[in-house]
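Here is a short tour of the empty spaces in a protein and of the surface that meets a DNA strand. Have the model open as you read, and pick out the residues as they come up.

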Protein chains: 2
Amino acid sequence: MPQATFSREQLVERLAQVFRRHGYEGASMTRIAAATGLGRASLYHHFPLGKEQMAEMVIEATRIWFEEKVFVPLEGNQPPRQRLSAMLAVLSDYYDCGRMAGMPLVTAVCEDRDRFAESIRSFYARWIATMTQLLTDAGLARDIAARRAHDGVERIEGAVVVVRATSNAYAFVRMAEELPDQLLAGADRAAVWTVRNRFSPLSREPQPARLTG
Amino acid sequence: MPQATFSREQLVERLAQVFRRHGYEGASMTRIAAATGLGRASLYHHFPLGKEQMAEMVIEATRIWFEEKVFVPLEGNQPPRQRLSAMLAVLSDYYDCGRMAGMPLVTAVCEDRDRFAESIRSFYARWIATMTQLLTDAGLARDIAARRAHDGVERIEGAVVVVRATSNAYAFVRMAEELPDQLLAGADRAAVWTVRNRFSPLSREPQPARLTG
DNA sequence: GTCTATAAAGCGATAGAC
DNA sequence: GTCTATCGCTTTATAGAC
């Protein structure tokens, strides 16, 4: 079923699917070969260091994908609630409502997970930083925003665990519905982000009536 | 290093350590044999159905252990906040601040995880039910209590994922510190649980001054 | 750059002696 | 109830032809 040749990018994407579906130890070279259409030996031409290198490449590709699809939008100019909802829509798709693991979960249950700890740490750090910024934009104090950003990431990872362990996507869907309200509880309703956005030189939003009235 | 013979209970406990440390696929018969002091073949005398049966026994033993150490105390007569803190103290120890996975996480990343889905589902259902009861005792409406019980379990699982993926126990410790306040936010302070407890025929607490004054 | 063939080790599981 | 020995298969990885 796989096509003749892949770009490097497409190749890593296929690797990611196998790791995320079967876990690190479950992602055998035979499975990866089947998913990519390459022979087992050919994989060592692209990844001379073998499976560990493949996982490292997948983690890096995931970071780049999240940068574009999640982190940058989280830092955007839309209202905070809208940015959060957009993130959760992207994540519901990425995680297939919890049925597909992310790479942090994959590395959390594998031998020599220390090999990947630093990559995952920086991934989480970037994610939490952008969520913290969003929540301060929404009017939350910085320390509260930081705590809730940690909470949010853990809730998402936890929901994936529950969904995969119980073969029931309910937990992820419920989490995605509730998370914006919970993270934004007590935030000044759009006041602070509006002020910040209004005077931001990077704003692409139409300017308010102040300029014309 | 392993001693000569184990009781069935001790044997399953050793199995649990191996599964929780190395994951399902990482828990090889060789590792299990080393951890129990038995030969690989001897393990099939105790568990004729092999590795899947071993994992099933560990899950069941975990359920029994949680019933005694977590679920029953959650249903106790102490103030709700005290019961929550007691649970988190037990869990911090059980999960070694996130460094050891629980069986749900182990089964979430393994081949044929469907084999264990029903066991894990009933485990979670019991846990969530007891937490829901505790939170209604604290004065929360039943639907809010149920949502927060789900949230709490996911936060705990998520914290374990983050800790293991980053090799840093900070996330679990922070979660354990914050969870009681977050779950009990907005609850009537001890009012409802006190009323329920005072008139409970099962109460072992000393009766209030009403009886003597 | 992909392939066939194969090495070397590990896997879960079984047979049968004691 | 534990053992040694082994089966049959899969694993990661390599060698070398094309």
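Which polar backbone atom is 2.8 Å from a phosphate oxygen of DNA strand D? In this predicted model, that backbone atom belongs to A:Met29. The points below start from this contact and then move on to the pocket and the cavities.

**Around DNA strand D**
- The strand is surrounded by 16 residues, and the closest are A:Met29, A:Tyr44, B:Gly39, B:Ala41 and B:His46.
- B:Gly39 also offers a polar backbone atom, which is 2.6 Å from a phosphate oxygen of DNA strand D.
- For B:His45 the partner is a sugar or linking oxygen of the strand, 3.5 Å from an N or O atom in the side chain.
- Two or more residues of this surface come from each of helix H2 (29–36) and helix H3 (40–46) of chain A, and from helix H3 (40–46) of chain B.
- H3(B) gives the most, with five residues.
- By class, the surface near the strand has six nonpolar, seven polar and three charged residues.
- Looking from the DNA side, 59% of the strand D atoms within 4 Å of the protein belong to sugar or phosphate, and the rest belong to bases.

**The largest pocket**
- This pocket holds about 660 Å³ of space.
- Its lining has 26 residues, and those nearest the centre are A:Arg148, A:Asp151, A:Gln182, B:Arg155 and B:Gln182.
- Helix H8 (142–166) and helix H9 (170–184) of chain A, along with helix H8 (142–166) and helix H9 (170–184) of chain B, each give two or more residues to the lining.
- The lining counts 14 charged residues, eight nonpolar and four polar.

**The cavities**
- There are two cavities of 30 Å³ or more in the structure.
- The largest cavity has a volume of about 50 Å³.
- Chain A residues lining the largest cavity are A:His22, A:Gly23, A:Tyr24, A:Glu25, A:Gly26 and A:Val109, and chain B adds B:His22, B:Gly23, B:Tyr24, B:Glu25, B:Gly26 and B:Val109.
- This lining divides into six polar, four nonpolar and two charged residues.
- The second largest cavity has about 30 Å³ of space, and B:Ile59, B:Thr62, B:Met103, B:Pro104, B:Ile120 and B:Phe123 line it.
- Helix H4 (51–74), helix H6 (103–108) and helix H7 (114–137) of chain B each give two or more residues to that second lining.
- Five residues of the second lining are nonpolar, one is polar and none is charged.

Definitions and conventions: Residues are numbered from 1 along each chain as its sequence is written. Chains are lettered from A and ligands numbered from 1 in the order in which they are written. This is a predicted model: local features need pLDDT of at least 70, side-chain atom pairs count only at pLDDT 80 or more; totals for chains, interfaces and linings use all residues. Side-chain values use heavy atoms; hydrogens and water are left out. On a 1 Å grid over the protein atoms alone, a cavity is a set of points where a 1.4 Å probe fits but cannot get out, and a pocket is an open set with protein on both sides within 12 Å along at least five of seven lines; lining residues have an atom within 4 Å of a point. Grid points are joined across faces, edges and corners, and a volume is the space filled by probe spheres set on the points. Helices (H or I, at least four residues) and strands (E, at least two) are DSSP runs, numbered from the N terminus. Ala, Val, Leu, Ile, Met, Phe, Trp, Tyr, Cys and Pro count as nonpolar, Asp, Glu, Lys and Arg as charged, and the others, Gly among them, as polar. A residue is near a molecule or strand if one of its heavy atoms lies within 4 Å of it. A polar contact is a pair of N or O atoms within 3.5 Å; within protein, one must be able to donate a hydrogen and the other to accept it, and residues adjacent in sequence count only if both atoms are side-chain atoms.
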